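Work through the exercises below with the sequence and the coordinates at hand, and try each task before reading its solution.

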Amino acid sequence: MRPSLTKISPTRCFFRCNQPLTSLAQARQVFRSLQQYGDLIEYKFMRCPESTALLRFGFVVFKHQNDAKHAINEQFIKIESPLFKKPLEVKLEGSDAHPTTGRSEPKPKRSDSHPKTKRSHQSNNRA
């Protein structure tokens with residue numbers, strides 16, 4: 001018998017931390033904590049282009065949209081670990097970028113209920 005297939009709905013989220021991260025071990029701890037909400041397909045901390053230091057924000061892609069929604073609804077996710085001097089707080093927000101390409105999704109075009117009318121310019125030549 002074939003196992004039931006579950007629908008995959010990758011959802012990209014933006015996250016930010018309340019304090020700087022100084023090591024890859026700290027970054028890994030953040031991703032381990034986010035995995036408690038569901039499977040991650042992709043994750044990335046952004047880096048400073050000049051110093052390559054980890055910045056306080058990045059992106060994750062959850063395998064299922066419901067897992068992403070649950071993590072976003074938590075407001076601030078508190079991470080306590082010996083790697084941090086004080087508890088780290090992570091805030092997740094939805095991203096309108098496509099989960100696989102990273103490009104922004106096109107916003108639906110608004111349809112005007114009234115057709116646009118052009119004004120004709122009439123010259124007022126009075127003698």
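The exercises that follow concern aromatic rings and strand pairing in a predicted model.

**Exercise 1.** Determine how the rings of Phe15 and Phe31 are arranged, and state whether each residue is buried or exposed.

*Solution.* Begin with the geometry, since a pair of aromatic rings is described by the distance of the centres and the angle of the planes. The centres of Phe15 and Phe31 lie 6.0 Å apart, with 85° between the planes; because planes over 60 degrees apart count as edge-to-face, this pair is edge-to-face. Next, place the partners in the chain: Phe15 belongs to strand β1 (residues 11-17) and Phe31 to helix α1 (residues 24-34), so that the pair links distant parts of the chain, 16 residues apart. Finally, turn to accessibility, where the cut-off for buried is under 20%: Phe15 has 0% relative accessibility and therefore counts as buried, and Phe31, at 8%, therefore counts as buried too.

**Exercise 2.** Find which residues ring pairs link into a cluster with Phe15.

*Solution.* The ring pairs connect Phe15, Phe31, Tyr43 and Phe45 into a cluster, and the count of aromatic pairs in the model comes to six.

**Exercise 3.** Describe the surroundings of Phe76 in strand β4.

*Solution.* First, assign the faces of β4 (residues 76-79): Ile77 and Ile79 make up the covered face, whereas Phe76 and Lys78 form the uncovered one. Second, consider the partner strand, β5 (residues 88-94), with which β4 pairs in the antiparallel sense over four bridges. Third, locate Lys91 of β5, which stands opposite Phe76 and whose charged end sits over the ring of Phe76, 5.7 Å from its centre.

Methods: Residues numbered from 1 in each chain as written. Predicted model: local features only at pLDDT ≥ 70, side-chain atom pairs only at ≥ 80, totals over all residues. Heavy atoms only, no water. Buried < 20%, exposed > 50% of the residue type's maximum accessible area, 1.4 Å probe, protein only. Helix = DSSP H or I, 4+ residues; strand = E, 2+ residues; numbered from the N terminus. Pairing = 2+ DSSP bridges. Phe/Tyr/Trp six-rings, centres within 6.5 Å; stacked < 30°, edge-to-face > 60°. Lys NZ or Arg CZ within 6 Å of the ring centre and 35° of its normal.
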